Amino acid sequence: MKVIDKNGKLFGKISVLDIIIVAVIVFLAAVFVAGRFGQVKLPIETKASTEYVVKLKAYNVEKTEKSPFEVGSVIYGKTGEFIGTVTEVERKPMVTKEKLEDGTYFDYESQTAYDYFLTVEGTGTSTEKGIFAQGTFALYPNNSVTVSSKYFYGGVVVLSVEKKV
């Protein structure tokens, strides 16, 4: 006995085309049900006007006569979100690791660049997902973001974010 006969029926009883059509209908129904009822929306608690302190590191900033950061200057996100006001600035020479021929490493202090460590205070919103400057700019540790100030535009790393007490 052949699996598919000359009329295209499986074991002489069921049409292969009928099986494909039924399978497609079941698949589409499953996709519709999963899309319609599969996600449960939980209420997200948002706290507006949350004051925070964020520590940022601006790395490999070219040496200039004037510091690109000053206490009291303001920091903005890439698309203009107000992040906060600088309350503390610490400048350190940029240090890179150099590998020697014998496989050991040593710290090389750059003669042309600094790393800046900034403490910035601002107000935003807070959810269980984190703190957001102006409700949209996510601030979480180890996040690389682009910021701007009066004398700086470039990448920084978020070192820490804490709610202000």
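This structure holds five salt bridges, where a salt bridge is a side-chain nitrogen of Lys or Arg within 4 Å of a carboxyl oxygen of Asp or Glu. Before we go through some of them, a word on the ground rules. This is a predicted model, with local features needing pLDDT of at least 70 and side-chain atom pairs counting only at pLDDT 80 or more, while totals for chains, interfaces and linings use all residues. Residues are numbered from 1 along each chain as its sequence is written, and side-chain values use heavy atoms, with hydrogens and water left out.

Now for the overall layout. The protein has one helix and 10 strands, with helices (H or I, at least four residues) and strands (E, at least two) taken as DSSP runs and numbered from the N terminus. Walk along the sequence and you get β-β-α-β-β-β-β-β-β-β-β. Of the 165 residues, 29% are buried; here buried means under 20% relative accessible area, exposed means over 50%, and partly exposed is in between, using a 1.4 Å probe and protein chains only. As for contacts (heavy atoms within 4.5 Å), take those with a separation of 6 or more: 61% of them join residues 24 or more positions apart. The accessible surface comes to about 11800 Å², and carbon and sulfur atoms own 57% of that. Areas like this one come from the Shrake-Rupley method with a 1.4 Å probe, and for residues only the protein chains shown count as cover.

Let's go inside. A nonpolar core is a set of buried Ala, Val, Leu, Ile, Met, Phe, Trp, Tyr and Cys residues joined through side-chain atoms within 4.5 Å. The largest one here has 23 residues, and the members that touch the most others are V54, I83, V120 and L139. Who supplies this core? At least two residues come from each of β3 (47–62), β5 (82–99), β6 (105–127), β7 (130–133), β8 (137–139), β9 (144–149) and β10 (152–163). The largest share, five residues, belongs to β3. As background, nonpolar side chains in soluble globular proteins tend to be buried together. Zoom in on V54: leaving out residues up to four places away in sequence, V54 touches I83, L118, T119, V120, V158, S160 and V161.

Next stop, D115, which sits in strand β6. Is D115 buried or exposed? With a relative accessible area of 8%, D115 is buried. Its side chain meets that of K57 in a salt bridge, 3.8 Å from N to O. This pair links distant parts of the chain, since K57 is in strand β3, D115 is in strand β6, and 58 residues separate them. K57 is partly exposed, at a relative accessible area of 24%. D115 also has a polar partner in the backbone: a polar atom of the D115 side chain lies 2.9 Å from the backbone nitrogen of N60. Skipping residues up to four places away in sequence, the contact list of D115 runs to K57, A58, Y59, N60, E90, R91, K92, P93, M94 and V95.

Two residues on that list, E90 and K92, make a salt bridge with each other, at 3.6 Å from N to O. K92 is partly exposed at a relative accessible area of 38%, and E90 is partly exposed as well, at 39%.

Another salt bridge joins the side chains of E121 and K164, at 2.8 Å from N to O. E121 lies in strand β6 and K164 in the segment after β10, so the pair ties together parts that are 43 residues apart in sequence. Both ends are partly exposed: E121 has a relative accessible area of 28%, and K164 has 38%.

Still on β6, look at Y108, which is found in that strand. Y108 is partly exposed, at 38% relative accessibility. Apart from its neighbours within four places in sequence, Y108 is in contact with M94, V95, T96 and E98. The C-alpha atoms of Y108 and P93 are 9.7 Å apart, with the two positions 15 residues apart along the chain.

Finally, the surface. I20, V24, F27, L28 and V31 form a nonpolar patch with about 490 Å² of accessible area together. Patches are made of residues with over 30% relative accessible area and no salt bridge, with like charges joined within 9 Å and nonpolar side chains (Val, Leu, Ile, Met, Phe, Trp, Tyr) within 5 Å. One of the patch members, F27, is in helix α1 (residues 16–37). At 55% relative accessibility, F27 counts as exposed.

Notes
Polar contact = N/O pair within 3.5 Å; in protein donor to acceptor, adjacent residues only side chain to side chain.
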